[in-house]
Amino acid sequence: MVKRSFEQVTMYWNILVDGEEYAVNFGKIGTIGKVQVKSFESDSECMKEAEKLIRQKLRSRGSVYI
């Protein structure tokens with residue numbers, strides 16, 4: 001299981017990878033936010049897609065890994 005969290009001034013973004021699926025939780029700080037779950041055929045395919053999303057967040061201006 002892999003979990004990564006990022007914050008901006010007023011927003012947050014979390015990803016939790018567990019086997020063949022990942023869940024992304026995002027929204028304004030202090031709220032429950034929204035959750036998106038996506039399933040894949042294999043663990044490696046899921047991890048590859050999750051790493052792609054994490055790289056995008058790292059490139060986002062103002063995003064801080066926590």
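This is a short talk on surface charge, burial and a few distances in one predicted model.

Let's start with charge. Where does the positive charge gather? Five residues form a positive patch on the surface: Lys38, Lys48, Lys52, Arg55 and Arg59. Which element gives the largest share of that patch? Helix α1 does, with four residues. The helix runs over residues 43-59.

Take Arg59 as one example. Arg59 belongs to helix α1. Is Arg59 buried or exposed? Its relative accessibility is 64%, so Arg59 counts as exposed. The cut-off for exposed is over 50%.

Now the opposite sign. There is a negative patch on the surface as well. Its members are Asp18, Glu20, Glu21, Glu41, Asp43 and Glu45. Look at Asp43. Asp43 sits in helix α1. So helix α1 holds Asp43, and it also supplies four residues of the positive patch. How accessible is Asp43? Its relative accessibility is 45%, and therefore Asp43 counts as partly exposed.

Move to Ser44. This serine is in helix α1 too. Ser44 counts as exposed because its relative accessible area is 56%. What lies across from it in the distance list? Ser44 and Gly19 are 25 residues apart along the chain. Their C-alpha atoms are separated by 8.6 Å.

Stay on helix α1 for Leu53. Leu53 has its place in that helix. Is Leu53 buried or exposed? At 18% relative accessibility, under the 20% cut-off, Leu53 counts as buried. So the helix carries a buried leucine, while Arg59 of that helix is exposed. How far is Leu53 from Met11? The two are 42 residues apart in sequence. In space they are 16 Å apart, C-alpha to C-alpha.

Next, the strands. Ser5 is in strand β1, residues 2-7. Asn14 is in strand β2, residues 11-18. Are these two buried or exposed? Ser5 has a relative accessible area of 12%, so Ser5 is buried. Asn14 has 18% relative accessibility, so Asn14 counts as buried. What joins their side chains? A polar contact of 2.8 Å does. That contact links a residue of β1 with a residue of β2.

Ser5 also appears in a second pair. Val64 is in strand β5, residues 64-65. Val64 and Ser5 are 59 residues apart in sequence. How far apart are they in space? The C-alpha to C-alpha distance is 8.4 Å. Val64 is partly exposed because its relative accessible area is 45%. Ser5, at 12%, is buried.

Last, the start of the chain. Where is Met1? Met1 lies in the segment before β1. At 74% relative accessibility, Met1 counts as exposed. Its partner here is Lys57, 56 residues away along the chain. The C-alpha atoms of Met1 and Lys57 are separated by 19 Å.

To recap. The positive patch draws four residues from helix α1. The negative patch includes Asp43, which lies in helix α1. Ser5 and Asn14 make a side-chain polar contact of 2.8 Å. Ser5 and Val64 are 8.4 Å apart, C-alpha to C-alpha. Again, all of this comes from a predicted model.

Methods. Residues numbered from 1 in each chain as written. Predicted model: local features only at pLDDT ≥ 70, side-chain atom pairs only at ≥ 80, totals over all residues. Heavy atoms only, no water. Patch = residues over 30% accessible without salt bridge, like charges linked within 9 Å, V, L, I, M, F, W, Y side chains within 5 Å. Areas by Shrake-Rupley, 256 points an atom, 1.4 Å probe, with all protein chains shown as cover. Salt bridge = Lys/Arg side-chain N within 4 Å of Asp/Glu carboxyl O. Lys, Arg positive; Asp, Glu negative; His and termini not counted. Charge placed at Lys NZ, Arg CZ, Asp CG, Glu CD. Helix = DSSP H or I, 4+ residues; strand = E, 2+ residues; numbered from the N terminus. Buried < 20%, exposed > 50% of the residue type's maximum accessible area, 1.4 Å probe, protein only. Polar contact = N/O pair within 3.5 Å; in protein donor to acceptor, adjacent residues only side chain to side chain.
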